[in-house]
Amino acid sequence: MDVANLKGGTGKDLDAVLPQPVQWKAHNYNHLLDEPTIFYAVCIVLAIIGHGEGINVAVAWLYVGLRIVHSLVQATVNRVAVRFLLFAASSLCLMVLIFHAAIPIFDLHLHG
């Protein structure tokens, strides 16, 4: 790569010239700016409203663990089927946390 004559572009432009293992790490970094930012916001909301303990802490740590394993898989072997299962499981954790934050915020009462 001739960096002296390199002009600006997009990340996709680099995919054509970078080896796949390098691309995997770059793509993983970009993924850390997607769903995890929602996770941070939900955790802050849960803490502020006084629901940042118990099951929510367990689910939050499970989410963190799944995302760490997802990152390691993507940055090393990058098996899509494994990544998908890890992503789906972590997304389910995030949905649970969002639901747990929504209940007290919107004062939802489940009658049974």
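In this predicted model, a nonpolar patch of about 520 Å² lies on the surface and is made by I44, I48, I49, I105 and F106. The elements that contribute two or more residues to this nonpolar patch are α3 and α5, the latter covering residues 80–106. I44, one of the patch residues, is found in helix α3, and on that helix both I44 and I48 are exposed, on the other side from its buried residues.

The patch can be placed within the overall chain. There are five helices and zero strands, so that, read from the N terminus on, the order of elements is α-α-α-α-α. Of the 112 residues of the chain, 26% count as buried.

Helix α3 repays a closer look. Its 14 residues should span 20 Å at 1.5 Å a residue, and its end C-alpha atoms are indeed 20 Å apart, which agrees. Which residues of α3 are buried? They are E35, P36, F39, V42 and L46. These residues cover an arc of only 115 degrees around the axis, and therefore they sit on the same side of α3. An α-helix has 3.6 residues a turn, so residues three or four places apart point the same way. On the other side of α3 are the exposed residues I44 and I48, both of which belong to the nonpolar patch described above.

Helix α2, which covers residues 20–31, can be read in a similar manner. It has twelve residues and reaches 16 Å from its first C-alpha to its last, close to the 16 Å expected at 1.5 Å a residue. Q23, W24 and N28 are buried in α2. Seen down the axis of α2, the buried residues fall within an arc of 135 degrees, so they line one face of the helix.

The buried side of α3 also takes part in aromatic contacts. A pair of aromatic rings is described by the distance of the centres and the angle of the planes. The structure holds two aromatic pairs. One of them joins F39 and Y40 in an edge-to-face arrangement, with 6.0 Å centre to centre and 65 degrees between the planes. F39 is buried, because its relative accessible area is 8%, under the 20% limit, whereas Y40, at 47% relative accessibility, counts as partly exposed. F39 also pairs with Y63, here in a stacked arrangement with 4.4 Å centre to centre and 20 degrees between the planes. This pair links distant parts of the chain, since F39 lies in helix α3 (residues 35–48) and Y63 in helix α4 (residues 55–75), 24 residues apart. Both F39 and Y63 are buried. Taken together, the ring pairs link F39, Y40 and Y63 into a cluster.

A charged contact likewise involves α3 and α4. Side chains of opposite charge can pair when their charged atoms come close. The structure holds one salt bridge, in which the side chains of R67 and E35 meet at 3.8 Å, N to O. Because R67 lies in helix α4 and E35 in helix α3, the pair ties together parts that are 32 residues apart in sequence. R67 is buried, and E35 is buried as well.

L46, one of the buried residues of α3, offers a reference point for two further distances. V57 has its place in helix α4 and is partly exposed, with a relative accessible area of 33%. The C-alpha atoms of V57 and L46 are separated by 9.6 Å, the two residues being eleven residues apart along the chain. H100, in turn, lies in helix α5 and counts as partly exposed at 23% relative accessibility. Although H100 and L46 are 54 residues apart along the chain, their C-alpha atoms are separated by 8.0 Å.

A last point concerns the backbone between α4 and α5. Most residues other than glycine have a negative phi, and most peptide bonds are trans. N78 is not a glycine, yet has a positive phi of about 55 degrees. N78 is found in the loop between α4 and α5, and at 15% relative accessibility it counts as buried.

Notes. Residues numbered from 1 in each chain as written. Predicted model: local features only at pLDDT ≥ 70, side-chain atom pairs only at ≥ 80, totals over all residues. Heavy atoms only, no water. Phe/Tyr/Trp six-rings, centres within 6.5 Å; stacked < 30°, edge-to-face > 60°. Buried < 20%, exposed > 50% of the residue type's maximum accessible area, 1.4 Å probe, protein only. Helix = DSSP H or I, 4+ residues; strand = E, 2+ residues; numbered from the N terminus. Patch = residues over 30% accessible without salt bridge, like charges linked within 9 Å, V, L, I, M, F, W, Y side chains within 5 Å. Areas by Shrake-Rupley, 256 points an atom, 1.4 Å probe, with all protein chains shown as cover. Salt bridge = Lys/Arg side-chain N within 4 Å of Asp/Glu carboxyl O. Expected span 1.5 Å × (residues − 1). Arc of directions from axis to C-beta.
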